[in-house]
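Student: I would like a close look at a single part of this protein, followed by whatever helps to place that part among its surroundings. Please take it slowly and keep each step tied to the model.

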Amino acid sequence: MPTTETLALPGLSAPGSIGIDANGIPHIQAANEADLFFLQGFHVARERLFQIDLFRKRGLGLLAADFGPGYLEQDRASRLFLYRGDMVAEYAAYGPEAKATFTAFAAGINAFIAMTEADPSLLPFEFGLLGTKPARWAPEDVSRVRTHSLSRNVLSEILRCQVQGKADHRTDLLRRWLEPQVTPVVPEGLDPASIPMRVLDMVKLATANATFSKERLAATLEDAPKWRSTTDLLEVVLDAQYTGSNNWAVHGSKTDTGLPILASDPHRIHGMPSLRTVFHLTCPTLDVVGAGEPSVPGVMIGHNGTIAWGLTIFYIDQEDLYVYETKPGDPDSYRYGEGFEKVTTITETVKVKGCPDQVLTLKFTRHGPVVHEDAAAGRIYAVRAAYFEPGTAPYLVAHKLMRAKNLKEFRAAAVTWGTPSCNLVFADKAGDIAWMPAGINPIRPNWDGLMPVPGDGRYEWAGWRDRAAAPVIHNPARGFVFSANEMNVPEGWDHKAYPFGFEWVDYSRAKRIEEVLSAVSPHRLSTSRALQTDVVSIPARRLGTLLAGLTGTDEATRAALALLAGWDHALTAGSGAGALFEVWWSRHLKKALWDAVVAPDLHALMVPGDVDGTLAALEAPDDRFGADPAATRDAILLSSLAAAYADMAQLLGPDPAGWAWGKLHHGYFEHPLSFLMPPATAKAWSIGPIAHAGSSVTPMHTGYRGTDFRTMMGSSFRLVVDLADLDRSVTINTPGQSGNPNSPHYRDLFERWAKGDYVPLPYTPSAVAAALAHRVECRPG
């Protein structure tokens with residue numbers, strides 16, 4: 001029998017309950033939708049108040065009030081990218097229930113905050129460490145934050161200018177491969193080399209998480225400007241370039257049950273607690289289970305008993321950087337058409353911990369927020385983006401998706417999706433499966449969107465492409481649909497008449513997923529589980545082909561070639577060959593390639609390097625490699641492999657029998673405030689390390705930074721839905737469902753996640769009742 005507690009909650013209109021199963025998944029039942037989302041807000045605040053409070057303050061530009069001058073510039077960046085439009089249109093875009101849903105969700109959060117005010121012992125310990133308190137939510141706080149939408153491609157536009165301004169398009173393809181193949185056209189009047197890297201500062205800050213250090217917390221007002229440019233470029237590039245996911249739906253004609261199986265596992269930068277949380281929400285009008293972000297009501301990925309859906313990023317180009325010439329003697333006027341226009345200036349008073357209130361001056365052109373001013377050059381720079389439109393808050397159109405009962409209703413909701421642009425896969429109990437892209441898509445009549453453009457009126461968006469005219473794949477003959485962030489627009493699509501974008505994630509995960517889905521029949525629940533946790537590396541296989549005909553001139557190189565020749569290309573935690581390959585790939589091969597064909601001052605811009613671009617250059621060496629390109633390429637392969645073999649001897653010892661990928665590659669979640677804790681507490685409240693398989697190019701995405709091989713991004717949440725028996729569906733969410741170190745659900749899923757295991761996701765009333773470990777009976781206060 002589950003344990004029981006009873007709570008009286010002011011704001012609740014009728015009795016409800018929150019049942020917690022053995023794996024920390026809440027099954028919330030309420031008498032109506034208002035109470036349902038109230039209880040969801042209450043529960044997420046009870047389990048993750050510090051996380052969602054920080055999300056809100058970061059998104060609204062309120063960090064400096066709590067944490068001091070070191071956060072003033074990040075507040076400026078966040079406020080520049082806030083939604084400032086009509087809230088009536090904003091709410092309407094997410095459905096007729098949206099405003100009431102957001103209101104109830106915020107009220108539930110505030111109800112728990114009120115409890116902490118009455119009983120401070122309920123307050124998460126992080127607030128005490130930092131000397132702060134949580135703030136109340138307003139309904140509009142749910143949707144005004146747009147910083148999760150900043151995913152492409154202003155960052156790449158600026159880096160492309162840096163590379164092509166000093167080198168050429170071929171060099172830039174090593175940084176970011178383009179598909180369909182196109183040579184970016186430099187807009188008339190733009191000198192790519194003149195775009196300074198400083199333009200990136202505000203964009204990086206707007207996308208960056210709120211980070212903590214003793215130095216930043218101790219910053220003075222005089223120090224504040226330096227925190228504008230300290231954001232780690234590599235982390236932002238990794239997040240933008242490898243934010244992705246896998247999903248697929250397999251038709252019943254290929255499954256063992258005769259009904260579809262759907263799988264989805266989104267990939268993002270890891271944090272503690274997890275970015276996502278799993279919910280089961282039930283009331284007379286709604287019965288939906290799946291995952292969402294803790295700061296957002298509802299479910300983004302999941303099923304409602306009739307349909308199931310999953311999402312991955314689909315790389316529509318939704319951003320542009322505009323470059324303006326300013327009027328001599330008047331830096332707040334910029335050329336537009338035949339004359340000049342004034343920037344719109346907004347001043348906002350900001351509280352700053354330990355300091356007098358500060359006034360932030362925010363500037364906007366007709367296109368968007370000004371992110372850099374260069375008075376010496378007589379220029380300003382602004383970002384135009386789709387996510388400033390009403391109805392484009394990240395993922396919130398999922399409120400419509402989770403109410404759909406068939407493909408027609410799902411498609412009608414999908415064509416209103418704003419940002420981030422996504423691949424949606426669909427399956428239902430009627431037997432239908434489908435794939436469709438979703439997202440608002442600007443029309444650029446006279447440029448390709450790959451470089452910044454002059455803001456003088458010659459490069460304007462001409463409205464939005466008809467989202468209903470985007471492709472749909474419905475019940476294909478091959479028996480499945482899938483996506484993994486690759487360029488997956490159907491063959492024959494007219495990219496000139498209806499373009500989406502040119503920058504995608506490499507094909508590696510997609511090729512492996514397609515390979516398995518094509519080969520395995522019948523497809524079972526266990527097939528999807530195994531595929532989500534598959535660690536076969538397609539780049540390793542391709543490079544193995546290049547190595548197959550080579551011979552080493554020394555013992556170490558011959559030993560390295562022999563070790564890789566006998567390998568199955570699976571990056572299991574115990575694989576010595578896998579360890580050698582990843583050390584070669586991440587620390588030696590790409591650098592050796594850059595040394596050969598890229599100017600030294602551009603190497604920092606190449607990191608981490610594009611997978612498809614790197615493989616294309618090695619598989620088809622050209623004149624950049626010299627008079628005998630193939631011979632030079634082979635020399636690069638062998639010399640870098642020898643260096644990697646020597647590196648492995650330093651890392652794991654001279655005997656390859658003792659090498660294992662998991663001895664290097666590991667999962668470790670450090671509490672973000674560890675530096676403020678006693679060492680024993682910091683260790684106890686951090687999680688790991690644990691040996692980890694895979695890499696960023698395997699379906700089990702476990703991306704790492706090459707410095708310490710710690711998993712930094714990938715899938716923290718996975719879901720597999722069996723439409724034939726919804727109670728057989730499974731999930732995982734690492735390290736646990738709770739952000740409270742004293743909760744049994746703080747770290748209980750970590751080891752299962754690292755090993756590729758799952759927990760049940762019960763749905764029917766009898767299955768839920770049998771799974772409950774604790775029950776919270778909620779009564780109106």
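Student: Which residue in β16 is the bridge partner of Val370?

Tutor: The bridge partner of Val370 in β16 is Ala382, and since this is a predicted model, everything that follows describes computed geometry. Ala382 belongs to strand β16, which runs over residues 379-385. Ala382 has a relative accessible area of 0%, so this residue is classed as buried, the cut-off being under 20%.

The rest of the strand is covered as well, for seven of the seven residues of β16 are buried. In a regular strand the side chains alternate between the two faces of the sheet. In β16, Arg379, Tyr381, Val383 and Ala385 point one way, while Ile380, Ala382 and Arg384 point the other way, and all of them are buried. The two arginines, Arg379 and Arg384, thus point opposite ways from the strand and are both buried.

Strand β16 pairs with two strands that can be taken in turn. With β15, which covers residues 370-374, the pairing is antiparallel and runs over four bridges, and the Val370 to Ala382 pair belongs here. These two strands form a hairpin with four residues between them, and Gly378, which lies in the turn, has a positive phi of about 70°. With β10, covering residues 319-327, β16 again pairs in the antiparallel sense, here over seven bridges; in that pairing Glu319 has Ala385 as its bridge partner. A further distance helps to place Ala382 in the fold: its C-alpha atom is separated by 18 Å from that of Ala462, a residue 80 positions away along the chain.

Strand β4, residues 244-250, invites a similar reading, since seven of its seven residues are buried. On one side of β4 are Gly244, Asn246, Trp248 and Val250, and on the other are Ser245, Asn247 and Ala249, so that both faces of the strand are covered under the cut-off of less than 20% relative accessible area. The strand pairs in the antiparallel sense with β5 (residues 261-269) over seven bridges, where Trp248 stands opposite Ala263. It also pairs in the antiparallel sense with β21 (residues 480-483), over four bridges, and there Val250 stands opposite Phe480.

Turning to a wider assembly of strands, 11 of them form an open sheet of mixed pairing, in the order β1-β29-β2-β3-β6-β7-β8-β9-β17-β18-β20. At the edges stand β1 (3-9) and β20 (473-474), and because each has a single partner strand, one side of each is left without a neighbour in the sheet. Within this order, β6 and β7, the latter covering residues 286-292, pair in the antiparallel sense over seven bridges, and Cys283 stands opposite Leu286 of β7.

Strand β6, residues 277-283, also contributes to a cavity, for both β6 and α1 (33-60) supply at least two residues each to the lining of the largest one. A search of the whole structure finds seven cavities of 30 Å³ or more, and the largest has a volume of about 90 Å³. Its lining consists of 13 residues, with Gly24, His43, Glu47, Gln737 and Ser738 lying nearest the centre. Helix α1 gives the largest share of that lining, four residues, and by class the lining has four nonpolar, seven polar and two charged residues.

The cysteines deserve a separate word. With a disulfide taken as a pair of cysteine sulfur atoms within 2.5 Å, the count comes to zero. Cys778 is in no disulfide, as the nearest cysteine sulfur, that of Cys283, is 15 Å away. Cys778 is buried, with a relative accessible area of 0%, whereas Cys355 is partly exposed, at 21%.

Another cysteine, Cys161, is among the buried residues of helix α8. That helix is mostly covered, with 11 of its 13 residues buried, including Glu157 and Arg160. The helix covers residues 154-166, and its length can be checked: at 1.5 Å a residue it should span 18 Å, and because its end C-alpha atoms are 19 Å apart, the two values agree.

Note on methods. Residues numbered from 1 in each chain as written. Heavy atoms only, no water. Buried < 20%, exposed > 50% of the residue type's maximum accessible area, 1.4 Å probe, protein only. Expected span 1.5 Å × (residues − 1). 1 Å grid on protein atoms, 1.4 Å probe; cavity = no way out; pocket = protein on both sides within 12 Å on 5 of 7 lines; lining within 4 Å. Points joined across faces, edges and corners; volume = space filled by probe spheres on them. Nonpolar A, V, L, I, M, F, W, Y, C, P; charged D, E, K, R; others polar. Pairing = 2+ DSSP bridges.
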